Amino acid sequence: MPDVLIYADTVRSPELRHEIPLSVPDPFLYVERNGTRHVVTHSLELPRLSALEDLEVHPREDFGFDELMRSGGDQYAIRDEIIARVCRELGISQVVVPGTFPLDVADALRANGIDVGVDRELFDRRRRVKSGAELEGMRRAQRAAEAGMETARTMLGDALSSGKTITVEEIRAAILKRFLELGASADEVIVSHGPQSAIGHEAGFGEVLRDEPVVIDLFPYDNESGVYADMTRTFVFGEPSDELREWYDLCKQALDRALGEIKAGVTGRSVFEGTCEIFEAAGYATPRKKEEGVPLEEGFIHSLGHGVGLEVHEAPSLGLLGTDPLVAGDAVSVEPGLYRPGFGGLRLEDLVAVTEDGCENLTDFPYETTL
C-alpha cells in the first residue's frame, strides 16, 4: 500500500482539513507511513498541532531548515529539499496524493526518486464517513442555515403584508448577518426570483415582484470546523400560480420518497431514478430521458443531490453517476426541483445523514411556499 502524502493548507484543502481539524492557513507537509501520521511545519503552528492526538509533529529544523536557509536557496527549493529529506528519513519510495496536489512539488518528488500517484477515490472515501466533530459542525452550520432562512421568510412576509418593496440585496445582507451571529459564514447566498430562479446557481439580484417564486439556497459553513450545511426553500411573494402549486406537490412527493429510500447500501442513482419516475409520470423532462447531445433546460434539470462536508459539493452523487453504494456516515443533500426558462423554478432541499437502516434528516424547517 503506497504511503499518503499531502502538501497543502487546511483552509483550501478538504483532504488535509479532514485529517487535521484546525484552520492552518499556510501549507505544511502531512505524511502517513506504516500507520503513523506525521506533520512537518513552521514553529508557529507547533503548539496547536502538537495538541492533536495520534500525530507525530516535527519542526522544519529537524530536517535542516536552518542549514538550507544559510545556503541561499529560494523558498521553493528549500521546501522541496525538506520534503525529499522527510521521505528519505521515513523510508518512503511511493506515495499517493490528492488530485489538487501541487504539480511542482510532485515534479520535485519524482526527481528525487519518489513515485507519485493521484488517487482521488481514496481521498473521497476517507472523507465520506463524517467524524463526530465534523457532524457536530454540520449541525451548527445547519442551524445557522435555518436561522438565515427564517430571516428571509420573515422579511418577505413583512414586505408582502405591508405592501413595501424588498430587494434580494437586502435579504442577502440580513442572512449573512445572521450567519455571523451564529458562528457561520458563507461565500455566496442564493436568493433568486422570477425568471432568475430557473438559471442554475444564479445568485439573484434586484427587486422581488408580486407572485414570483423566490428560491433561497443557503450553504453556510461552520467557522469552527469548516464543515458545510445545505438547504433550499422556495417562497412565493404573493399568490402561487397553478403551475407552481403543481411543482410544489411533485417536489414534495419526490423529497418524501427519496428520504424514505436513502440508507446504507443503496446507490445514489437508484434514489435519483425514483425522483425521475415521479417527474416523468407528470410529463416533465429529466436527465435520464433527455435528447442526446442537447443540454436540458426545462423540467428536472439536475441530479437529486450530492455529498456535503468539508466541501459543499463532494462525493457521493445522487444522480446518473451515483453508482457507489451509500455508506453509514455519508451526509447528502436531497434537492428535487422543476424549472421553466423565462418563468422560474421551485426547489426543496434537505440535508440528511445516512444510517445503516435509513437516514437522519438534519433539516428542521417548513416546506410551504406561502408567506
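A residue is termed exposed when its relative accessible area is over 50%. In the predicted model examined here, Glu89 has a relative accessibility of 59% and therefore counts as exposed. This residue, Glu89, belongs to helix 4, which comprises residues 75–90. On the surface, Glu89 forms part of a patch of negative charge together with Glu61, Asp62 and Asp66.

The overall architecture of the protein consists of ten helices and 18 strands. The C-alpha trace extends over about 75 × 40 × 40 Å along the principal axes. The chain contains 371 residues, of which 53% count as buried. Among contacts with a sequence separation of 6 or more, 60% involve residues 24 or more positions apart. The exposed area of the protein amounts to about 16600 Å², and carbon and sulfur atoms contribute 50% of this area. With respect to charge, the protein carries 37 positive and 68 negative charges, and the mean positions of the two sets are 1 Å apart.

Side chains of opposite charge can pair when their charged atoms come close. In the present model, 37 salt bridges were identified. One of these joins Asp104 to Arg79, with a distance of 2.8 Å between the closest N and O atoms. Asp104 is located in helix 5 (residues 103–111) and Arg79 in helix 4, so this pair ties together parts of the protein that are 25 residues apart in sequence. The two partners were assigned to separate accessibility classes: Asp104 is partly exposed, at a relative accessible area of 38%, whereas Arg79 is buried, at 14%.

A salt bridge within a single helix is formed by Arg178 and Glu181, for which the N to O distance is 2.9 Å. These two residues are three positions apart in helix 8 (residues 168–181), which means that about one helical turn separates them. Both side chains fall in the intermediate accessibility class, Arg178 being partly exposed with a relative accessible area of 30% and Glu181 partly exposed at 46%. A further salt bridge links Arg288 with Glu280 at an N to O distance of 2.8 Å. Here Arg288 is partly exposed, with a relative accessible area of 29%, while Glu280 is buried at 18%.

Salt bridges also connect Glu15, Arg127, Lys130, Glu311 and Glu314 into a network. Within this network, Arg127 is positioned in helix 6 (residues 120–128). Its relative accessibility is 5%, and because the threshold for burial is under 20%, Arg127 counts as buried. When neighbours within four places in sequence are set aside, the contacts of Arg127 are with Pro14, Glu15, His18, Glu311 and Glu314. By C-alpha positions, Arg127 and His302 are 24 Å apart in space, with a sequence separation of 175 residues.

Burial of a polar side chain was also examined at Gln142, a residue of helix 7 (residues 132–162). Gln142 has a relative accessible area of 0% and is accordingly classed as buried. Excluding residues up to four places away in sequence, Gln142 touches Ala229, Asp230 and Met231, and in addition Leu351, Leu362 and Thr363.

Methods: Residues numbered from 1 in each chain as written. Predicted model: local features only at pLDDT ≥ 70, side-chain atom pairs only at ≥ 80, totals over all residues. Heavy atoms only, no water. Helix = DSSP H or I, 4+ residues; strand = E, 2+ residues; numbered from the N terminus. Buried < 20%, exposed > 50% of the residue type's maximum accessible area, 1.4 Å probe, protein only. Contact = heavy atoms within 4.5 Å. Areas by Shrake-Rupley, 256 points an atom, 1.4 Å probe, with all protein chains shown as cover. Lys, Arg positive; Asp, Glu negative; His and termini not counted. Charge placed at Lys NZ, Arg CZ, Asp CG, Glu CD. Patch = residues over 30% accessible without salt bridge, like charges linked within 9 Å, V, L, I, M, F, W, Y side chains within 5 Å. Salt bridge = Lys/Arg side-chain N within 4 Å of Asp/Glu carboxyl O.
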